[in-house]
Amino acid sequence: MQNFTTDAINLKSYNLSESDKIIVLYSKDKGIMRCVAKGVKKTTSKLGGRMDMLIANKLMLHKGKNLDTICQAEAINTFKNTRNDLNKLFYSMYCSEVVNSFGIENDPNSKEIYELLYTTLQSISKAENKVQLIISVLKFQLKLTNIAGYAMELDNCISCGCTLKDTEEIYFSAKQGGTLCKECKNRTIGAIKLHNKLRLFLLTLLQLDYNTKSRYEELANEKVCDFCFNLLKNYVEEYSPKKIKSAQMLEFTK
């Protein structure tokens with residue numbers, strides 16, 4: 001038996017006993033973790049509010065046979081601006097649930113996914129308007145699916161492989177995994193039309209570093225962002241191992 005430390009973000013929790021909870025975390029070192037927070041429901045608990053959802057902590061844990069136990073927690077970031085804004089809260093919950101769905105224990109991509117989620121939650125918290133908020137989530141959706149091995153095709157037709165040109169009609173199919181040319185669209189059920197500027201917008205968000213702002217971001221409006229979010233939400237749901245329940249809550253933010 002030994003103690004160890006890790007940085008982790010609280011994704012969800014559920015009751016274990018009258019005073020204890022199991023906290024589901026995404027750890028920078030170990031991916032998805034399920035840990036016991038003993039006595040956390042007591043008013044005298046030293047862990048207290050640091051075990052709330054959407055808080056990043058530096059944790060000390062005791063290695064257990066089945067579940068590790070959280071011994072100490074020092075808050076790194078509470079993303080405080082998120083908690084008084086329903087838009088920010090619901091979109092943050094959506095991102096955390098997507099990580100919980102795609103993440104695995106001892107995830108080889110744990111550092112990259114942790115940093116992406118942390119950066120996204122921070123960006124959402126600091127967003128000054130709905131456009132900035134949704135762009136933060138668009139970057140998250142694109143980059144998370146890419147890291148998890150479900151990168152969408154945005155350069156070429158996913159079916160025939162032809163290079164897509166500005167002058168062509170372009171379509172998108174979540175089920176097929178990306179963009180389609182006009183001819184292949186006619187052989188595909190459920191493909192939707194995608195304006196080339198939106199394709200380039202998404203491609204730029206995917207390729208650039210998270211904190212690099214492109215000219216497309218400066219031109220984007222709420223209608224464009226909502227369309228792109230729903231397109232990527234459908235894509236995420238198509239490949240997610242679990243149903244993303246929090247996606248339904250986002251309908252109340254419209």
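# A tour of the predicted model

The largest cavity has a volume of about 40 Å³. Keep in mind on this tour that the model is predicted.

**Stop 1: the cavity**

Just one cavity of 30 Å³ or more turns up in the count. How does one find such a space? Rolling a probe the size of a water molecule over the atoms shows where empty space is left. Select Leu-54, Thr-78, Phe-79, Thr-82, Arg-83, Ser-92 and Leu-121, which line the largest cavity. Colour them by class. You should get three nonpolar, three polar and one charged residues in this lining.

**Stop 2: Phe-79, then Asn-106**

Stay with Phe-79, one of the residues lining the largest cavity. Phe-79 sits in the loop between strand 5 (68–77) and helix 1. Is Phe-79 buried or exposed? Phe-79 counts as buried, because its relative accessibility is 3%. Now check the backbone. Most residues other than glycine have a negative phi, and most peptide bonds are trans. Phe-79 has a positive phi, near 50 degrees.

Jump to Asn-106. Its phi is positive too, with a value near 50 degrees. Asn-106 lies in the loop between helix 1 and helix 2 (110–126). Asn-106 has 58% relative accessibility, so it counts as exposed.

**Stop 3: the aromatic rings**

How many aromatic pairs does a search of the whole structure find? The search finds nine. Select Phe-102 and Tyr-150 to see one pair in detail. A pair of aromatic rings is described by the distance of the centres and the angle of the planes. The ring centres of Phe-102 and Tyr-150 are 5.7 Å apart, and their planes meet at 65 degrees. That angle is over 60 degrees, so the pair is edge-to-face.

This pair links distant parts of the chain, 48 residues apart. Phe-102 is in helix 1 (residues 86–102). Tyr-150 is in the loop between helix 3 (130–147) and strand 6 (170–173). Phe-102 counts as buried, because its relative accessibility is 10%. Tyr-150 is partly exposed, with a relative accessible area of 33%.

Now widen the selection. Add Phe-172, Tyr-235 and Tyr-239, which form one aromatic cluster with Phe-102 and Tyr-150.

**Stop 4: the cysteines**

How many disulfides does a search of the whole structure find? It finds zero. Select Cys-181 and Cys-184 to see why. The closest cysteine sulfur to that of Cys-181 belongs to Cys-184, 3.6 Å away. A disulfide needs sulfur atoms within 2.5 Å, so this distance is too far for a bond. Next, select Cys-225, which is in no disulfide either. Its nearest cysteine sulfur, in Cys-228, is 6.7 Å away. Cys-181 has 8% relative accessibility, so it counts as buried. Cys-225 has 0%, so it counts as buried.

**Stop 5: two loop residues**

Go to Leu-16, in the loop between strand 1 (3–15) and strand 2 (21–27). Leu-16 is partly exposed, because its relative accessibility is 45%. Which residues touch it, leaving aside neighbours within four places in sequence? Leu-16 is in contact with Lys-21, Ile-22 and Val-36. Draw a C-alpha line from Leu-16 to Val-98, and it spans 24 Å. In sequence, the two are 82 residues apart.

Finish at Ile-189, in the loop between helix 4 (182–185) and strand 8 (192–193). Its relative accessibility is 83%, so Ile-189 counts as exposed. Draw one last C-alpha line, from Ile-189 to Glu-97. These residues are 29 Å apart in space and 92 residues apart in sequence.

How values were computed. Residues numbered from 1 in each chain as written. Predicted model: local features only at pLDDT ≥ 70, side-chain atom pairs only at ≥ 80, totals over all residues. Heavy atoms only, no water. Buried < 20%, exposed > 50% of the residue type's maximum accessible area, 1.4 Å probe, protein only. 1 Å grid on protein atoms, 1.4 Å probe; cavity = no way out; pocket = protein on both sides within 12 Å on 5 of 7 lines; lining within 4 Å. Points joined across faces, edges and corners; volume = space filled by probe spheres on them. Nonpolar A, V, L, I, M, F, W, Y, C, P; charged D, E, K, R; others polar. Helix = DSSP H or I, 4+ residues; strand = E, 2+ residues; numbered from the N terminus. Contact = heavy atoms within 4.5 Å. Phe/Tyr/Trp six-rings, centres within 6.5 Å; stacked < 30°, edge-to-face > 60°.
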